[in-house]
Amino acid sequence: MRISTGQMFQQNTNSILNKQSATNSIIAQIDSGKRVNTAGDDPVAAIGIDNLKQKNTLIDQFVKNIDYATSHIQQAESQLGQADTLVGSMKESVLRGINGSMTSAERQVIADDMRQSLEQLMSIANTKDESGNYIFAGNKTNSAPFAFDNNGDVVYSGDSGIRKSNVAAGVQVNTNVPGDAAFMNAPNAMGDYGVNYSSTQQGDFVVTSAKITDPTTYTTGSYSFSFADDGAGGLNISVTDSAVPPVTTVKAFDASAPVTVNGIEVKVDGEPQAGDSFSINEVAEVSIFDTFSKAIALFESGNDTQTPAGQSELAQLLNDIDSGVNQMSQQRSLTGNSLKVLQQYSDNHTDEKLINTSALSKLEDLDFASAFTEFEKQQLALSAASSLFSKVSSTSLFDYI
């Protein structure tokens, strides 16, 4: 077989270049600390590395979402806690104002103090987050959700929107508490109706509940109740609905049994007198703001709190306050549950990323001892190839003639 000078030179050049490429590849691995820098280094391992990196990137995004959700939920929980404390103090003021030994001036002081507390409660309900968004406004975060209208009543201009954050694959957690759910939509302690007592009331009684018990016979509307002497030492109760023309139903009054009419059941506790009356109107939910506004107005009305009607109204207001407090406590409890869930997912993500990182290290991290040994071997091979090529390239046929 004949070997030309060109073939000899090409073979030796290729050998040197291959050794240089291998050496450069090891140098790149040592510089990066990674065994696999390109898919060509280890195609099978490269696929696993890419998958693990994608998983860690997704985990990092979930952790960011958890941090965002945690921050906002913690703020809502903190504000609800402050509101709960404030409302508890206001309830104590209401109970203090019931004291019959107080003068009108002293009750006015209580009313003034409660009005300041009501404004503070409004401020809590209009809290902003670090970005200037109102945390209790639902999805309408750019404008204050609570404000006083021209009648002095508190109105809610936010919505019931719930913002969610993805914290794991297929898992979302609420990141806000709508203001209506926290402060406006407490269940009516009376049931389905609210009571308006007559200022001329003489008897000592209170309506403890007014509920719809039979939807099939229920007739919507307001109802008026009045008591009259039955001529036999007892009382009759007349119930007039708001139909046109109105329909009046007369029944014998028994304090131990509820009054039923048109699918509605009304319980009266106490001893009404002939001539007393009250009315009910549909109220499914009550606002903690309106409840305290009514209490303040009652304290500002002189000695009305000491009248039978005033005492009856205060009893109803105290029940509504309790309902409002329970509503805020429930929402605060939900935020606490959300924080617990977020912490659990955060811990899960931390563990998962640790496992992924460990697997990633096994696939791509370089064994420096082996790498340096291989580097020395390649350097030696390259030096030998270069030395051999130097000697061979200087040899000529004339050296043997």
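Is Asp204 buried or exposed? I started there while going through this predicted model, and the points below follow from that residue outwards.

1. **Asp204.** This residue is exposed, with a relative accessible area of 63%. Asp204 sits in strand S7, which covers residues 204-212. Setting aside neighbours within four places in sequence, its contacts are Asp269, Gly270 and Glu271. You may also like to look at Ala309: 105 residues separate Asp204 and Ala309 along the chain, yet their C-alpha atoms are 8.3 Å apart.

2. **The overall picture.** The protein has seven helices and 14 strands. Of its 401 residues, 37% count as buried. Among contacts with a separation of 6 or more, 67% are between residues 24 or more positions apart.

3. **Length of helix H3.** Does the end-to-end distance agree with what the residue count predicts? Put another way, what should the 22 residues of H3 span? Helix H3 takes in residues 104-125, and at 1.5 Å a residue it should span 32 Å; the end C-alpha atoms are 31 Å apart, which agrees.

4. **The two sides of H3.** The buried residues of H3 are Arg107, Ile110, Ala111, Met114, Ser117, Leu118, Leu121, Met122, Ile124 and Ala125. They cover an arc of only 150° around the axis, so they lie on the same side of H3. On the other side, Ala105, Val109 and Gln116 are exposed. The general background is familiar: an α-helix has 3.6 residues a turn, so residues three or four places apart point the same way.

5. **H3 against H5.** How do the axes of H3 and H5 cross? Helix H5 covers residues 288-299, and the two axes come within 9 Å and cross at roughly 165°. H3 and H5 are therefore roughly antiparallel to each other, given that angles over 145 degrees count as such. The crossing is left-handed.

6. **Residues at the H3 and H5 contact.** From H3, the residues involved include Arg107, Ile110, Ala111, Met114, Leu118, Leu121, Met122 and Ala125; these also appear among the buried residues of H3. Gln108 and Arg115 of H3 take part in the contact too. On the H5 side, the partners are Ile288, Phe289, Phe292, Ser293, Ala295, Ile296 and Phe299.

7. **Ser323.** Here is a residue in helix H6, which runs over residues 308-364. Ser323 has 10% relative accessibility and so counts as buried, the cut-off being under 20%. Apart from neighbours within four places in sequence, Ser323 is in contact with Ala186, Pro187 and Ala189.

8. **Two backbone details to look at.** Most residues other than glycine have a negative phi, and most peptide bonds are trans. The peptide bond from Val244 to Pro245 is cis, with omega near -5°. Pro245 is in the loop between strand S9 (235-241) and strand S10 (248-252). Asn262, a residue other than glycine, has a positive phi near 50°.

9. **Surroundings of Asn262.** Asn262 belongs to the loop between strand S11 (259-261) and strand S12 (264-271). With a relative accessible area of 27%, Asn262 is partly exposed. Not counting residues up to four places away in sequence, Asn262 touches Thr217, Tyr218, Thr219, Tyr223 and Asp241. The C-alpha atoms of Asn262 and Thr220 are 8.6 Å apart, with the two positions 42 residues apart in sequence numbering.

Terms used:
Residues numbered from 1 in each chain as written. Predicted model: local features only at pLDDT ≥ 70, side-chain atom pairs only at ≥ 80, totals over all residues. Heavy atoms only, no water. Helix = DSSP H or I, 4+ residues; strand = E, 2+ residues; numbered from the N terminus. Expected span 1.5 Å × (residues − 1). Buried < 20%, exposed > 50% of the residue type's maximum accessible area, 1.4 Å probe, protein only. Arc of directions from axis to C-beta. Contact = heavy atoms within 4.5 Å. Axes fitted to C-alpha atoms, helices over the stretch in contact; angles between N-to-C directions. Parallel < 35°, antiparallel > 145°, perpendicular 65-115°, else oblique. Left-handed = near helix turned anticlockwise from the far one by under 90°.
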